[in-house]
Amino acid sequence: MKELKPKLIHADYTHDKGKKEWQKLRFKEKVDMRLIMPLKQLVRIWGLTRKKLAKQYMTSAEEAYLAYGPRGDKERTMWNFFMNAREQIIFQILKKKMKLESHEDKLIGIIYGAGHM
């Protein structure tokens, strides 16, 4: 890593952008995110064992997409807020980078988590 001399670029919501996107959400989505989802998570982890955890996370992102469809594509939904809208920020930054620096060889890595990308 020391040889690569990475330049880190924040490619996610800024505070202002996140606030603006939050305002676009439907009231029901906000209630789900602030109240229902935490309660569901509490129930999920209550009595959680390694076996249950493995079963819960065995489904791949591709399998979930095939089962539930593109949930993140619907505007004003929490799935779009969490996934699609945030990924578009990364794509915009990558397109800009490629346009400005396409004449140079580049190695670009994306550090991500929580199921993004």
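**Reading salt bridges and surface in a predicted helical chain**

Me: How many salt bridges does a search of the whole structure find?

Reply: Side chains of opposite charge can pair when their charged atoms come close. In this model, which is predicted, a search of the whole structure finds 5 salt bridges.

Me: Which residue meets R86 in a salt bridge?

Reply: The partner of R86 is D12, and their side chains meet with an N to O distance of 2.4 Å. This pair links distant parts of the chain: R86 belongs to helix α5 (residues 78-101), D12 to the segment before α1, and their positions lie 74 residues apart in the numbering, that is, they are 74 residues apart.

Me: Does burial enter into the reading, and if so, what does R86 count as, buried or exposed?

Reply: R86 counts as buried, because its relative accessibility is 17% and the cut-off for burial is under 20%. D12, at 25% relative accessibility, counts as partly exposed.

Me: Where do K24 and E21 lie?

Reply: Both residues lie in helix α1, 3 residues apart, which is about one turn of the helix. K24 forms a salt bridge with E21, and the closest N and O atoms are 3.1 Å apart. As for accessibility, K24 is partly exposed with a relative accessible area of 42%, whereas E21 is buried with 10%.

Me: Which residue forms a salt bridge with K28?

Reply: It is D32, with 2.8 Å between the closest N and O atoms. The two residues are separated by about one helical turn, because they are 4 residues apart in helix α2. K28 counts as exposed at 54% relative accessibility, while D32 is buried with a relative accessible area of 14%. Elsewhere, K17, E21 and K24 are joined into one network by salt bridges that share partners.

Me: Turning to the fold, how many helices and strands does the secondary structure of the chain come to?

Reply: The chain has 5 helices and 0 strands, and reading along the sequence gives the pattern α-α-α-α-α. Contacts add a further view of the fold. Among the contacts in the chain with a separation of 6 or more, 65% are accounted for by residues 24 or more positions apart.

Me: Which residues make the nonpolar surface patch?

Reply: The patch covers about 900 Å² and is made by L35, I36, L39, L42, I45, W46, L48, L53 and Y57. Helix α2 (residues 27-45) provides the largest share of the patch, 5 residues. I36 is found in this helix α2. With a relative accessible area of 32%, I36 is partly exposed; I36 can therefore be admitted to the patch, since the value of 32% passes the requirement of over 30%.

Me: What does the chain expose as a whole?

Reply: The exposed area is about 10500 Å², of which carbon and sulfur atoms supply 60%. Of the 117 residues of the chain, 18% count as buried.

Me: Which helix has the lowest mean pLDDT among the elements of the chain?

Reply: The lowest mean, 70, belongs to helix α4 (residues 61-68), and the highest, 91, to helix α1 (residues 15-24). The salt bridge of K24 and E21 lies in that helix α1. Over the chain, the average pLDDT is 80, and 85% of the residues score at least 70.

Terms used: Residues numbered from 1 in each chain as written. Heavy atoms only, no water. pLDDT = per-residue confidence, 0-100. Buried < 20%, exposed > 50% of the residue type's maximum accessible area, 1.4 Å probe, protein only. Contact = heavy atoms within 4.5 Å. Areas by Shrake-Rupley, 256 points an atom, 1.4 Å probe, with all protein chains shown as cover. Patch = residues over 30% accessible without salt bridge, like charges linked within 9 Å, V, L, I, M, F, W, Y side chains within 5 Å. Salt bridge = Lys/Arg side-chain N within 4 Å of Asp/Glu carboxyl O.
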